[in-house]
Amino acid sequence: MNKIVPPRIASGTMELLPKEQIIFQRMIAVIQSWYEKFGFTPLETPVFEIKDVLLTKSGGETEKQVYFVQSLGSLQQGHEPELALRFDLTVPLARYVAQYERELYFPFKRYQIQRVYRGERAQKGRFREFYQCDIDIIGKDSLSPLYDAEIPAIIAGIFEELNVGDFTINFSNRKLLKGILNSMEVRDSDTQTLVLREIDKIDKIGKEKVSEALVNLGISSDNANIILRVVTLKGSNSEMLQALSELGVKDELFLQGMEEVSSLIDSLKSMNVKERRTRFNLSIARGLDYYTGTVYETVIDAHPEFGSVCSGGRYDDLAGHYTKSNLPGVGISIGLTRLFDQLLSSGVLKDVPAAMTEILIANMAYELRADYLELAVVLRNAGFKVSVYMDSAKLDKQLKYADKARIPIVLFLGEEEKKNGTVVVKDMKSKEQKTVMLSSVADAVGQLLRV
C-alpha cells in the first residue's frame, strides 16, 4: 500500500482558491491594461539567469538571498551551480537592454509581470516567491524628465480602478536634498548617501533618532535641524515649491531638482491626476543610492502599516555593468503578491467577484447535447464566457454547482423549450427567471450581466 504524503506547499509561497485567484488575475489585468494605455510593451525574461550575469550588480547581502539552480549531476561532479533564480526584474532588464541594444528603439518602454525569488525568512507578509509588476522607460544617453510624470499618472489610474480606498503617491527628487547638502559643504558622495538613508527612516524611527544619526555622520546640529525642518515641510504641491524656493539655496543641483519637480507637477495637472492623490514629500529619499532624481512611494491611506505598495524612481545608468552605453531610465515596481495578501487579510477586498464563467447551460436531457454545444458557440461568439454542464445530474445539483461556483446566469433548454424556440434564463442573484426567444437570448443575458 502506498504511503500517503500530506499535501502541502513550501513556506513563503502563495496558493489561492478559485475565488481569490480570480481577484488576483483581475488585479493583474488592471495593471497590465494601464501599462499598455501608456504605450509600454510586454517583456518576459527567463526565470533563471547565468549566475555571474545576475550577481554582477549586487553580490554581498543580496547573494545570501539568491536561490541557485542546481543542474543535473553537477554536485556529484563537484561543480558549482551556473544558474540562479532572478531576485528582481531590474537586473534581467539591464541584461536584456544591453544584450539587444541594437535591435531596440529608444526610449524603450517595457512592462514586466512575472514571479521573482528571494531566500527570505518565511513569515507573514514576506514571500520567497512573489509577483512583481514593473514598468521602466529607458533612454539612450539621455531621457527627458517629462517622462517622470507618466509614472504617478499610471499609478493613480491603477489604484483608482483597483478600488482600494484612498491612497497617496508620495514623490520627491534626490537632487534637492543633495543640493542642500552641497550648500552646507557636505559634498562627499558617500556621506550624502548615508544622510539620505537616515532621512528615509524618519517615518519609522522619528525625528530625534534621525537628528542624532545625522550628527554622528558629521552634520552640525544647526544643519541637522535645517534638514529636518525641510524634510518635514507640509502643504500643497505648489506651497512646497514656494517654501523650498524661499530657502535661497543657489546650488546648481538643487535648482535642477526644483525645475524637475516643477515640471512634474505641471505635467500631472495636464494629465488630470487629482492633486489629492499626490504629495510632494521630501522625506521620501529612497535609501538606495541607485536612484539619482525623482523618487516615488505609494501608500494606502487607511493602512499605513502596509508600507510602500508601489515604489521606484529615476536612475542615471541602468546597464553600466553590461555595456559602455549610457542608459538612463525611470520606473516603478508593484509587489503584487504582498499587496494582494495585505488587502485580502485586511478586508479591503470585500467584494468577491462572480466566476470567470458568466453562463452555465444546464443539462436537461442527454438527447439535447448537440443543442447545448451549439448554443454555447453562439453565446461565445457574442462575447460571453460559457460553460456547459456535461454530466447527467438532477437540476438541483446543477443549480448548487452554479451557486457555489458563483456563475451568475443559468440557461435551461428542454424538449418543450426546443419545440417553442425558447430558452429559460435564470438570474442566480435574484433567483428570478424568465422565458425568452432563443434568437434573443444573447440580448437578454447581456442586460442581466450589465445590471
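The legends below describe close-up views of a predicted model.

**View 1. Helix 1 against helix 5.**
Helix 1 covers residues 18–37 and helix 5 covers residues 150–162. Their axes lie 9 Å apart, and the two helices pack at an angle of about 150°. Angles over 145 degrees count as roughly antiparallel, and helix 1 and helix 5 are therefore roughly antiparallel to each other. Helix 1 passes helix 5 in a crossing that is right-handed. On the side of helix 1, the contact is made by Met27, Val30, Ile31, Trp34 and Tyr35. On the side of helix 5, the contact is made by Ile154, Gly157, Ile158, Glu161 and Leu162. Sorted by type, the residues of this contact between helix 1 and helix 5 are eight nonpolar, one polar and one charged.

**View 2. An aromatic pair between helix 1 and strand 5.**
The count of aromatic pairs in the model comes to 10. One of them is formed by Tyr35 and Tyr111, whose rings are 5.8 Å apart from centre to centre. The planes of Tyr35 and Tyr111 make an angle of 45°, and the pair is tilted. Tyr35 lies in helix 1, whereas Tyr111 lies in strand 5 (residues 108–117). The pair therefore ties together parts that are 76 residues apart in sequence. Tyr35 also belongs to the contact of helix 1 with helix 5 shown in the previous view.

**View 3. A cis peptide bond before strand 5.**
Phe106 and Pro107 are joined by a cis peptide bond, with omega at about 5°. Pro107 sits in the loop between helix 4 (90–99) and strand 5.

**View 4. The loop after helix 5.**
Asn163 is found in the loop between helix 5 and strand 7 (167–173). The phi angle of Asn163 is positive, about 55°, although the residue is not a glycine.

**View 5. The open sheet of three strands.**
Three strands form this open sheet, in the order 2-4-3, and the pairing is antiparallel. Strand 2 (48–50) and strand 3 (68–69) are the edge strands, and each pairs on one side only. Strand 2 and strand 4 (residues 83–85) run antiparallel and are joined by three bridges. Ile50 stands opposite Leu83, which is in strand 4.

**View 6. Helix 7 against helix 9.**
Helix 7 is made of residues 189–199 and helix 9 of residues 207–216. The axes of helix 7 and helix 9 come within 9 Å and cross at roughly 170°. That angle makes helix 7 roughly antiparallel to helix 9. Val195, Glu198 and Ile199 of helix 7 meet Val210, Ala213 and Leu214 of helix 9. By type, the residues in the contact of helix 7 with helix 9 are five nonpolar, no polar and one charged.

**View 7. Helix 11 against helix 12.**
Helix 11 (residues 237–245) packs with helix 12 (residues 252–270) at an angle of about 165°. The axes of helix 11 and helix 12 are 11 Å apart. Helix 11 and helix 12 are therefore roughly antiparallel to each other, and helix 11 passes helix 12 in a left-handed crossing. From helix 11, the residues that meet helix 12 are Asn237, Leu241, Leu244 and Ser245. Their partners in helix 12 are Phe254, Met258, Val261, Ser262 and Ile265. The residues in the contact of helix 11 with helix 12 are six nonpolar, three polar and no charged.

**View 8. The open sheet of five strands, with helix 15.**
Five strands form this open sheet, and their order is 13-12-14-15-16. The pairing in the sheet is mixed. Strand 13 (386–388) and strand 16 (433–437) are the edge strands, each pairing on one side only. From one strand to the next, the twist averages 25°. Strand 15 (residues 422–427) pairs with strand 16 in the antiparallel sense, over five bridges. Lys426 stands opposite Gln433, which is in strand 16. Helix 15 (residues 395–404) packs on the sheet and touches strand 12 (359–361), strand 14 (409–412) and strand 15. The direction of helix 15 makes about 155° with that of strand 14.

Note on methods
Residues are numbered from 1 along each chain as its sequence is written. This is a predicted model: local features need pLDDT of at least 70, side-chain atom pairs count only at pLDDT 80 or more; totals for chains, interfaces and linings use all residues. Side-chain values use heavy atoms; hydrogens and water are left out. Axes are lines fitted to C-alpha atoms, for helices over the stretch in contact, and angles run from 0 to 180 degrees between N-to-C directions. Helices (H or I, at least four residues) and strands (E, at least two) are DSSP runs, numbered from the N terminus. Angles under 35 degrees count as roughly parallel, over 145 as roughly antiparallel, 65 to 115 as roughly perpendicular and the rest as oblique. A crossing is left-handed if the near helix is turned anticlockwise from the far one by less than a right angle, and right-handed if clockwise. Contact means heavy atoms within 4.5 Å. Ala, Val, Leu, Ile, Met, Phe, Trp, Tyr, Cys and Pro count as nonpolar, Asp, Glu, Lys and Arg as charged, and the others, Gly among them, as polar. Two strands pair if DSSP finds at least two bridges between them. Rings of Phe, Tyr and Trp (its six-membered ring) pair if their centres lie within 6.5 Å; planes under 30 degrees apart count as stacked, over 60 as edge-to-face and the rest as tilted.
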